[in-house]
Amino acid sequence: MIFACLFLNNLEENNVWNKLKKNIALGIFIAVLGAVVGAIVWFLLWLMNLGIDFFWTWLPGKFNIPVYNLVICGVGGLLVGLLQTKFGPCPSEAQ
């Protein structure tokens, strides 16, 4: 009887350690996944900032166009319209 009690106690202790190991592994996985996703988002935001800087700071310095804002916004609107006619409204409406 004492042996069975010690054996069951050992099983419960192993179960606790297994749960703890799984929780630690899950925490490490979440941290690594969060770091990777954060790095991807940071890169995309950096790339977007580079494009904004190119279109609104560097490019106007190279060309002296008095209505530069209207030209850039008109070309952007034209591109959006063309893409919408080709692919349809994006994102599609929720149903």
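The following paragraphs describe the fold, the annotated segments and the aromatic contacts of a predicted model.

The secondary structure of the protein chain consists of 2 helices and 0 strands. Of its 95 residues, 3% count as buried. The accessible surface of the chain amounts to about 8900 Å², and 74% of this area is supplied by carbon and sulfur atoms.

Helix H1 comprises residues 2–62, and helix H2 comprises residues 68–87. The 20 residues of H2 extend over 28 Å between the first and the last C-alpha, close to the 28 Å expected at 1.5 Å a residue. Just after H2, Gly88 adopts a positive phi of about 85 degrees. Towards the end of the numbering of H2, the charged end of Lys86 is placed over the ring of Phe87, at 5.8 Å from the ring centre.

An unreviewed UniProt entry carries the annotation "transmembrane region" for residues 24–45 and 65–83. In the model, the span 24–45 is 100% helix and 0% strand, with its end C-alpha atoms 31 Å apart. For the span 65–83, the corresponding values are 84% helix and 0% strand, and its end C-alpha atoms are separated by 26 Å. Residues 65–83 begin before the start of H2, as the annotation opens at residue 65 and the helix at residue 68.

Aromatic side chains provide a further set of contacts, with a count of 4 aromatic pairs. Phe54 and Phe55 form one of these pairs, in an edge-to-face arrangement with 5.2 Å from centre to centre and 75 degrees between the planes. Phe54 is partly exposed, at a relative accessible area of 35%, and Phe55 is likewise partly exposed, at 39%. The pair formed by Trp56 and Tyr68 is also edge-to-face, because the ring planes stand at 85 degrees, with the centres 5.8 Å apart. Trp56 belongs to helix H1 and Tyr68 to helix H2, so this pair ties together parts that lie 12 residues apart in sequence. The two partners differ in accessibility: Trp56 is partly exposed, with a relative accessible area of 39%, whereas Tyr68 is buried, with a value of 9%. The assignment of Tyr68 as buried follows from the cut-off, because buried residues have under 20% relative accessible area. Phe54 and Phe55 are, in addition, members of one aromatic cluster together with Trp58.

Pro60, which is located within helix H1, is in contact with several of these residues. When residues up to four places away in sequence are not counted, Pro60 touches Phe54, Phe55 and Tyr68. Pro60 itself counts as partly exposed, at 28% relative accessibility. Tyr68 thus appears in two sets of contacts, one with the ring of Trp56 and one with Pro60. Phe54 and Phe55 are similarly paired with each other and in contact with Pro60.

Terms used
Residues are numbered from 1 along each chain as its sequence is written. This is a predicted model: local features need pLDDT of at least 70, side-chain atom pairs count only at pLDDT 80 or more; totals for chains, interfaces and linings use all residues. Side-chain values use heavy atoms; hydrogens and water are left out. UniProt positions are given in the numbering used here, feature names are shortened, and annotations may be inferred rather than shown by experiment. Helices (H or I, at least four residues) and strands (E, at least two) are DSSP runs, numbered from the N terminus. Buried means under 20% relative accessible area, exposed over 50%, partly exposed in between (1.4 Å probe, protein chains only). Accessible areas come from the Shrake-Rupley method with a 1.4 Å probe; for residues, only the protein chains shown count as cover. Contact means heavy atoms within 4.5 Å. The expected span of a helix is 1.5 Å times one less than its number of residues. Rings of Phe, Tyr and Trp (its six-membered ring) pair if their centres lie within 6.5 Å; planes under 30 degrees apart count as stacked, over 60 as edge-to-face and the rest as tilted. A charge sits over a ring if NZ of Lys or CZ of Arg is within 6 Å of the ring centre and within 35 degrees of the ring normal.
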